[in-house]
Amino acid sequence: LFWKRLAFIIAITILGTFIYSVGVNAFFVPHQFLAGGLTGIAMIVYYLTGIPIGVTNLVLNLPILGLSLKFMGKFYTIITILGTVLLSLFIDLTAFLADYHVVKDPIVAAISGGVVLGVAMGILYRYNSNTGGLDVIGAIIKKYYNLEIGLSETMKAAFLWAKPRTRRLARFALMYMPIRVQMAGSRAKIH
């Protein structure tokens, strides 16, 4: 049963990371758009220096692997390593797609790319796989604070993109929400 589950998750991880890579290179890179998380940072480095996105993505993910092992365990970390390596590899292998400018209109490219990346992440999240990076942080938040990954991803994005003045409020909200969720969870157990 373990090996069957592992083989299934590996297949899902291959599929999801490949779809994600195609979305990045076919829709985002030609218009110099950014994906989220560490892949987005790797894209910025690529736009500024020409260093391949996959290489930078792999390097940026190295510290995250330690967090994964510490908080999520060996099995999840193995899947994280697989997802990180496959995503980095597929992004570089499908880089040629950026030359084709599949979609000329930037708005259509942004929407199409968002849908493709959303489908890829949905496939990965559905079967507890990931692409490394901030996905691991979201999984840790889900595990320890019982918040869904989508909500934690939204909170991280709000915090990262908030203006410096409103960042204090975002920090307070991020500290308050887990406490509120824990309290709500403990009340639910009492009733």
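Here are some worked exercises on a predicted model of a protein.

**Exercise 1. Get an overview**

Work out what the protein is built from, and how far to trust the model.

*Solution.* Start with the secondary structure: there are eight helices and zero strands. Reading along the sequence then gives the pattern α-α-α-α-α-α-α-α.

Next, look at burial. The protein has 191 residues, and 38% of them count as buried.

Then check how the contacts are spread. Take contacts between residues at least 6 apart in sequence: 65% of these join residues at least 24 apart.

Finish with confidence. The average pLDDT is 84, and 77% of the residues score at least 70. Residues 174–191 are a stretch to treat separately, with pLDDT below 50. Leaving out near neighbours in sequence, that stretch has 11 contacts in the model.

**Exercise 2. Check the length of two helices**

Compare the expected span of helix 4 and of helix 2 with the distance between their end C-alpha atoms.

*Solution.* Helix 4 covers residues 74–93, which is 20 residues. The expected span takes 1.5 Å times one less than the number of residues, so helix 4 should span 28 Å. In the model its end C-alpha atoms are 28 Å apart, so the two values agree.

Now do helix 2, which has 13 residues and so should span 18 Å. Its end C-alpha atoms are 19 Å apart, which agrees too. Just after helix 2 comes Gly-50, with a positive phi near 85°.

**Exercise 3. Find the buried side of each helix**

Which residues of helix 2 and helix 4 are buried, and what do they pack against?

*Solution.* A residue counts as buried when its relative accessible area is under 20%. In helix 2, that picks out Leu-38, Thr-39, Gly-40, Ala-42 and Met-43. These buried residues pack against helix 1, helix 3 and helix 4.

In helix 4, the buried residues include Tyr-76, Thr-80, Gly-83, Leu-87 and Ile-91. It helps to remember that an α-helix has 3.6 residues a turn, so residues three or four places apart point the same way. The cover over the buried residues of helix 4 includes helix 1 (2–28), helix 2 (37–49), helix 3 (53–72) and helix 6 (134–145).

Zoom in on Thr-84, which sits in helix 4. Its relative accessible area is 2%, so Thr-84 is buried. Setting aside residues up to four places away in sequence, Thr-84 touches Asn-57, Leu-58, Asn-61, Thr-131 and Gly-132.

**Exercise 4. Describe a helix pair**

How do helix 3 and helix 4 run relative to each other, and which kinds of residues make the contact?

*Solution.* Two packed helices are described by the angle between their axes and the distance between the axes. For helix 3 and helix 4, the axes come within 9 Å and cross at roughly 175°. An angle over 145 degrees counts as roughly antiparallel, so helix 3 is roughly antiparallel to helix 4.

Then list who takes part. From helix 3 the contact includes Ile-53, Val-55, Leu-58, Leu-65 and Met-72, and from helix 4 it includes Lys-74, Thr-77, Ile-81, Val-85 and Asp-92. Sorting the contact by class gives 11 nonpolar, eight polar and two charged residues.

**Exercise 5. Look at two loop residues**

Where do Gln-32 and His-101 lie, and are they buried or exposed?

*Solution.* Gln-32 is in the loop between helix 1 and helix 2. With a relative accessible area of 55%, Gln-32 is exposed. Its phi is positive, about 55°, although Gln-32 is not a glycine.

His-101 is in the loop between helix 4 and helix 5 (106–126). At 32% relative accessibility, His-101 counts as partly exposed. His-101 is not a glycine, yet its phi is positive, about 45°.

**Exercise 6. Follow the chain across the fold**

How many residues separate Arg-5 from Tyr-127, and Val-119 from Tyr-20, along the chain?

*Solution.* Arg-5 belongs to helix 1 and is partly exposed, at 44% relative accessible area. Arg-5 and Tyr-127 are 122 residues apart along the chain, while their C-alpha atoms are separated by 9.9 Å.

Val-119 belongs to helix 5 and counts as partly exposed, with 44% relative accessibility. Val-119 and Tyr-20 are 99 residues apart along the chain, and 8.2 Å separates their C-alpha atoms.

Methods
Residues numbered from 1 in each chain as written. Predicted model: local features only at pLDDT ≥ 70, side-chain atom pairs only at ≥ 80, totals over all residues. Heavy atoms only, no water. Helix = DSSP H or I, 4+ residues; strand = E, 2+ residues; numbered from the N terminus. Buried < 20%, exposed > 50% of the residue type's maximum accessible area, 1.4 Å probe, protein only. Contact = heavy atoms within 4.5 Å. Axes fitted to C-alpha atoms, helices over the stretch in contact; angles between N-to-C directions. Parallel < 35°, antiparallel > 145°, perpendicular 65-115°, else oblique. Nonpolar A, V, L, I, M, F, W, Y, C, P; charged D, E, K, R; others polar. pLDDT = per-residue confidence, 0-100.
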